[in-house]
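Q: Please take a close look at a single helix and follow the parts it packs against. Give the cut-offs as you go.

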Amino acid sequence: MTQTLSELNTYKNIDQYQAQKKAVVTIGTFDGVHYGHQQILKKMVDRARAEDLTTILLTFFPHPRMVLQPEYDLKLINTIDERVDLVAQTGVEHMIIHPFSKEFSRTSAKEYVKDILVDQLNAGVVVIGYDHHYGRNRSANITDLRKDAIEYGFELIEITKEEIDEVAVSSTKIRSAINDGDVQTANQYLSRNFSIHGTVVKGKQIGRTIGYPTANLKVAEKYKLIPKLGVYITSSIIDGETVYGMTNIGKNPTVTTSDGSITIETYYLDFNKDLYGQDMELFFHTRLRDEEKFESLEDLKKIMAQDELNTRTYASNS
């Protein structure tokens, strides 16, 4: 008999959560919710089901580094909404997205454990990485948490160095691959196709003049990691159907004077419906080439015809 996944409940802060029973709790960013993350969450869910506990993922947004090191200009694999959708597929029952601020960063280690984990979340089991630091100035670590577990009566499950390293390596490789345009490698680590969400907006409509009308996708979240400039084979689910396309991420150097802004434009194969104003998810399959500046529109049309042929071949084999 296949066990159905529990519905995910989300909360905008810790205080919104009202504990009904003991919980298995984990804390972290879980950016990407990739295979390594999924294995950690599966262990939580399995443990909770075996002992009639609930499951809580406590995460923070904005990412702490965005608040404490804004000069770093951190880019994330997932937007917070994307992360919620992915966590919902793991069977975790509760996801608390607590606002991270400089004030919250000054929470003492004892307050963090007693007031949040024990009193508010009713933690019976805490699943955490060996390298987890918490409290003001990240002053407390796993050794302190072991002592707190004894004092407050919860079980501490330490995620091993090997598991954490695997997760960290995967996240780093995913970000690096996306930055390099190597979306196939990113997809392997994610165990799904990397995607971006956005709204279709009106562009300069230059594509129409050369026989390739495009949907111009605007991504609202500035922190979302966008693949390297270039042309990609992509797809979207439109009206319940998978529609393949070729997506150009770039500055359109051949047909426009660049103002430095980057556009995400997709020509969907055999599709001519109006998509303006629609929210779309764009899945990345593979990269075709760099964005180039051509001497003429005819040269551009020739390379786009080749891109189209390659995209059709890929789609027919998928």
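A: A residue is buried when its relative accessible area is under 20%, exposed when over 50% and partly exposed in between (1.4 Å probe, protein chains only). Helices (H or I, at least four residues) and strands (E, at least two) are DSSP runs numbered from the N terminus. The model is predicted, so local features need pLDDT of at least 70 and side-chain atom pairs pLDDT 80 or more, while totals for chains, interfaces and linings use all residues. Residues are numbered from 1 along each chain as its sequence is written, and side-chain values use heavy atoms, without hydrogens and water.

The helix is α3, residues 80-87, and six of its eight residues are buried. These are I80, E82, R83, V84, L86 and V87. Over the chain of 318 residues, 46% count as buried. The buried residues of α3 pack against four strands: β1 (9-11), β3, β4 (94-99) and β7. Contact here means heavy atoms within 4.5 Å. V87 also belongs to a core of 26 residues that includes L41, M44 and L74. A nonpolar core is a set of buried Ala, Val, Leu, Ile, Met, Phe, Trp, Tyr and Cys residues joined through side-chain atoms within 4.5 Å.

That core is separate from the largest one, which has 29 residues. Strand β3 (54-61) supplies at least two residues of the largest core, as do β2 (23-27), α5 (109-120), β5 (123-129) and α6 (142-152). The greatest contribution, six residues, is that of α5. V25, I27, L58, I96, Y112, L121 and V126 have the most contacts inside this core. Leaving aside residues up to four places away in sequence, I27 touches L58, F60, Y112, L117, V126, V127, I128 and H132.

Strand β3 also gives two or more residues to the lining of the largest pocket, along with β2, α1 (35-51), α2 (64-68), α4 (102-105), β5 and α7 (161-180). On a 1 Å grid over the protein atoms alone, a pocket is an open set of points with protein on both sides within 12 Å along at least five of seven lines, a cavity is a set where a 1.4 Å probe fits but cannot get out, and lining residues have an atom within 4 Å of a point. The pocket has a volume of about 1400 Å³, a volume being the space filled by probe spheres set on the points, which are joined across faces, edges and corners. Among its 45 lining residues, G28, T29, H63, P64 and R138 lie nearest the centre. Seven of the lining residues, the largest share, come from α7.

The other strand to follow from α3 is β7. Five bridges join β7 (195-201) to β12 (279-289), and the two run antiparallel; strands pair if DSSP finds at least two bridges between them. Within this pair, H197 has E281 as its bridge partner. Strand β12 also pairs with β9 (230-238), again antiparallel and over five bridges, with Y232 opposite R287.

The second largest cavity has a volume of about 40 Å³, and its lining consists of V200, A215, L217, S236, T266, Y268, M280, E281 and L282. Two or more lining residues come from each of β8 (215-218), β11 (263-268) and β12, and β12 gives the most, three.
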